[in-house]
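Welcome! Please take a moment to look over the sequence and the model, and then we can walk through them together.

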Amino acid sequence: MMTKETIMDKIIKRFYGISGPLDEYRRAEINQIGNNCFMILIIYMFLSSFAALIFYTRFPEATFFALIFMNLGFLLYGVFMYILFKVAKLNLTENEVPADKIKDAKRQAARRGLLAGFEFPVLMYGFTVLTSWGMKEPILPEIFSLKRIAFYVIAGVLFGVMMWLICLARITKAK
């Protein structure tokens with residue numbers, strides 16, 4: 001009897017890019033990766049907070065922006081690259097599918113690519129609109145800019161196709 005997949009399992013699979021079932025091995029390896037990332041991040045947060053405390057009194061605005069960009073940079077280029085490297089090294093993203101279910105797996109890969117191709121431009125478009133609103137620029141021209149909408153539609157199509165190809169490449173025939 002199969003257990004129903006919880007929302008947390010779905011979030012974990014989505015975040016780490018796992019297509020197949022979340023078995024004990026994958027769960028243990030993901031827990032290990034998550035614990036390592038937590039330890040790296042807690043040390044970084046202590047050090048960056050200490051540095052911000054030191055520099056805040058003399059350079060408050062520069063410290064604020066430096067801390068934001070350093071945090072984003074460390075998270076994106078440090079932690080996420082570590083996660084990508086470890087997940088790829090441990091082959092956690094490979095989706096072994098029995099020969100009779102390859103067609104369904106390819107259909108699911110197409111659905112994932114379509115969803116990614118829809119999510120990406122919507123989120124980026126919303127982020128751009130919120131950023132321009134935060135910078136006190138007029139928001140209506142930003143929302144209805146045909147050039148910007150066309151750009152995000154094209155970016156979404158390209159991103160969706162790329163994600164579909166990545167999902168297809170991860171499908172392997174089970175032995």
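The paragraphs below turn to confidence, then a pocket, then a cavity, and finally a single threonine.

Let's begin with how far the model can be trusted, since what you see is a predicted model. The chain has an average pLDDT of 90, and 99% of its residues score at least 70. If you would like to see both ends of the range, look at two helices: α2, residues 24-56, has the highest confidence with a mean of 94, while α5, residues 139-143, has the lowest with a mean of 82. As a rule of reading, predicted coordinates should not be taken in detail where pLDDT is low.

Now for the open space. The largest pocket has a volume of about 980 Å³. Its lining is made up of 25 residues, and those closest to the pocket's centre are Arg14, Phe15, Leu84, Phe159 and Met163. Which helices build this lining? At least two residues come from each of α1 (7-16), α3 (60-89), α4 (102-134) and α6 (146-170). Among these contributors, α3 provides the largest share, with eight residues. What is the chemical character of the lining of the largest pocket? Sorted by class, 19 of its residues are nonpolar, four are charged and two are polar.

Next comes an enclosed space. The structure holds one cavity of 30 Å³ or more, and the volume of the largest cavity is about 60 Å³. You can find it by picking out the residues that line it: Ser19, Asn95, Ala105, Gln108, Ala109, Arg112, Cys167, Arg170 and Ile171. Two helices, α4 and α6, each give at least two residues to this lining, and α4 gives the most, with four. The classes here are four nonpolar, three polar and two charged residues.

To finish, let's visit one residue. Where does threonine 93 sit? Look in the loop between α3 and the strand β1 (95-97). Is threonine 93 buried or exposed? Its relative accessibility is 12%, so threonine 93 counts as buried, the cut-off for buried being under 20%. Leaving aside residues up to four places away in sequence, threonine 93 touches Tyr16, Gly17, Ser19, Val87 and Arg170. Two of these names may sound familiar: Ser19 and Arg170 also belong to the lining of the largest cavity.

Technical notes: Residues numbered from 1 in each chain as written. Predicted model: local features only at pLDDT ≥ 70, side-chain atom pairs only at ≥ 80, totals over all residues. Heavy atoms only, no water. pLDDT = per-residue confidence, 0-100. 1 Å grid on protein atoms, 1.4 Å probe; cavity = no way out; pocket = protein on both sides within 12 Å on 5 of 7 lines; lining within 4 Å. Points joined across faces, edges and corners; volume = space filled by probe spheres on them. Nonpolar A, V, L, I, M, F, W, Y, C, P; charged D, E, K, R; others polar. Buried < 20%, exposed > 50% of the residue type's maximum accessible area, 1.4 Å probe, protein only. Contact = heavy atoms within 4.5 Å.
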